[in-house]
Amino acid sequence: MAWIETIREDEWEGPLGEMRAEVVDRDHDRVDNIMQVHSLNPRAMAAHVGLYGSAMAGTKTLRKVERELLALVVSRYNDCHY
């Protein structure tokens, strides 16, 4: 397993601290590793959030529930809990 330096979630301040509300897993009150790896670069975290939002926001061909279902199926197939 790779080791990636991050800023501990309880040390997030400034722009990073402000982003916590956007990236926290509300069910577990913690930030998932997939977002935590961006802690050294808040702009990258914001870009990740923007990309996800854009991908899941809507298209003319798929409803949100269908996009969520596709994401779930692909994640399960890849054995990824995200």
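## Salt bridges and a buried arginine

R20 is partly exposed, with 23% relative accessible area. That residue is a handy way into this predicted model, since its side chain meets the side chain of E9 in a salt bridge, 2.7 Å from N to O. Across the whole structure, a search turns up seven salt bridges. Here's a walk through some of the charged residues, starting with the R20 pair.

**Helix α1 and the segment before it**

- In the R20–E9 pair, R20 sits in helix α1 while E9 belongs to the segment before α1, so the contact ties together parts that lie 11 residues apart in sequence.
- E9 comes out as partly exposed because its relative accessible area is 22%, and the cut-off for buried is under 20%.
- R8 and D10 also pair up through their side chains, in a salt bridge of 2.6 Å, N to O.
- Both partners in that R8–D10 bridge are exposed.

**E11 and its network**

- Which residues are linked with E11 in a network of salt bridges? They are R8 and D10.
- E11 is found in the segment before α1, a helix that covers residues 14-23.
- With a relative accessible area of 43%, E11 is partly exposed.
- For a sense of distance, E11 and V24 are 13 residues apart in the sequence, and their C-alpha atoms are 14 Å apart in space.

**The K64–E68 pair in helix α4**

- K64 and E68 bring their side chains together in a salt bridge, at 2.9 Å from N to O.
- Helix α4 runs over residues 64-77, and K64 and E68 are four residues apart in it, so about one helical turn separates them.
- K64 is partly exposed, at 46% relative accessible area.
- E68 counts as partly exposed too, with a relative accessibility of 32%.

**R67, buried without a salt bridge**

- R67 is another residue of helix α4.
- Is R67 buried or exposed? R67 is buried, yet it has no salt bridge.
- The nearest side chain of opposite charge belongs to E66, and it is 6.3 Å away from R67. A salt bridge calls for a side-chain nitrogen within 4 Å of a carboxyl oxygen, so this pair doesn't make the cut.
- What does the R67 side chain reach at 2.5 Å? It reaches the backbone oxygen of L62.

Definitions and conventions. Residues numbered from 1 in each chain as written. Predicted model: local features only at pLDDT ≥ 70, side-chain atom pairs only at ≥ 80, totals over all residues. Heavy atoms only, no water. Helix = DSSP H or I, 4+ residues; strand = E, 2+ residues; numbered from the N terminus. Buried < 20%, exposed > 50% of the residue type's maximum accessible area, 1.4 Å probe, protein only. Lys, Arg positive; Asp, Glu negative; His and termini not counted. Polar contact = N/O pair within 3.5 Å; in protein donor to acceptor, adjacent residues only side chain to side chain.
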